[in-house]
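Welcome, and thanks for taking a look at this one with us. Below is a short briefing on how the helices pack, to be read with the structure in view.

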Amino acid sequence: MAVGKEKFRGDEKQVMEVLMSLQGVQAKGDGPLINYLLIAYSRIFHCLGQDFLPYMSAVMPFFIQCAQLEPAMTISTQSDYGTNEFDDNR
């Protein structure tokens with residue numbers, strides 16, 4: 001993204017080949033590799049726009065696999081913080 005689409009164009013194929021090869025290395029969604037791949041794909045897609053389409057058939061199964069993973073943590077909209085009330089009678 002920093003160098004722009006035209007400057008990146010010369011390296012896009014090699015970068016995408018490396019990233020797609022790493023998809024096979026990741027094991028069961030453990031570790032930070034999945035997050036790094038998703039971030040990298042997102043940035044490359046943002047940079048290339050429609051020119052990312054040739055890679056979609058290779059990365060879409062990975063995206064679907066990631067979407068089906070159990071989250072490591074969840075965020076609740078309810079305030080389940082217990083009853084830690086402020087006591088000003090110290």
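Let's begin with one helix pair: α3 passes α4 in a left-handed crossing. This is a predicted model, and its chain holds four helices and zero strands. From there we can move to the second helix pair, the core and two individual residues.

**α3 against α4**

- Two packed helices are described by the angle between their axes and the distance between the axes.
- For α3 and α4, the axes come within 12 Å and cross at roughly 130°.
- That angle makes α3 oblique to α4, because it falls outside the range of 65 to 115 degrees for roughly perpendicular and is not over 145, where roughly antiparallel begins.
- On the α3 side, the residues that meet α4 are I34, L37, L38 and Y41; their partners in α4 are V59, F62, F63 and C66.
- Sorted by class, the residues of this contact are eight nonpolar, no polar and no charged.

**α2 against α4**

- How do the axes of α2 and α4 cross, and within what distance do they come? They cross at roughly 25° and come within 11 Å.
- α2 is therefore roughly parallel to α4, since angles under 35 degrees count as such.
- The crossing in which α2 passes α4 is left-handed.
- α2 brings E12, K13, M16, M20 and Q23 to the contact, while α4 brings Y55, A58, V59 and F62.
- By class, the contact of α2 with α4 has six nonpolar residues, together with one polar and two charged ones.

**The nonpolar core**

- The largest nonpolar core counts 14 residues.
- Within this core, the residues with the most contacts are M16, L19, Y41, I44, F52 and F62.
- At least two residues of the core come from each of α2 (12-25), α3 (33-48) and α4 (53-67).
- Which helix gives the largest share of this core? It is α3, with six residues.
- I44 is worth clicking on: leaving out residues up to four places away in sequence, I44 touches F8, V15, M16, L19 and F52.

**Two residues at the α2 and α4 contact**

- E12 sits in helix α2. Is E12 buried or exposed? With a relative accessible area of 8%, E12 is buried, because buried means under 20%.
- Not counting residues up to four places away in sequence, E12 touches L48, D51 and Y55.
- A58 has its place in helix α4. A58 is partly exposed, with a relative accessible area of 32%, so its value lies in between the limits of 20% for buried and 50% for exposed.
- Apart from its neighbours within four places in sequence, A58 is in contact with M20 and Q23.
- A58 and E17 are 41 residues apart along the chain, and their C-alpha atoms are separated by 10.0 Å.

**The chain as a whole**

- Read along the sequence, the pattern is α-α-α-α.
- Of the 90 residues in the chain, buried residues make up 19%.
- Taking contacts between residues at least 6 apart in sequence, 67% join residues at least 24 apart.

Conventions
Residues numbered from 1 in each chain as written. Predicted model: local features only at pLDDT ≥ 70, side-chain atom pairs only at ≥ 80, totals over all residues. Heavy atoms only, no water. Core = buried A, V, L, I, M, F, W, Y, C linked by side-chain atoms within 4.5 Å. Buried < 20%, exposed > 50% of the residue type's maximum accessible area, 1.4 Å probe, protein only. Contact = heavy atoms within 4.5 Å. Axes fitted to C-alpha atoms, helices over the stretch in contact; angles between N-to-C directions. Left-handed = near helix turned anticlockwise from the far one by under 90°. Nonpolar A, V, L, I, M, F, W, Y, C, P; charged D, E, K, R; others polar.
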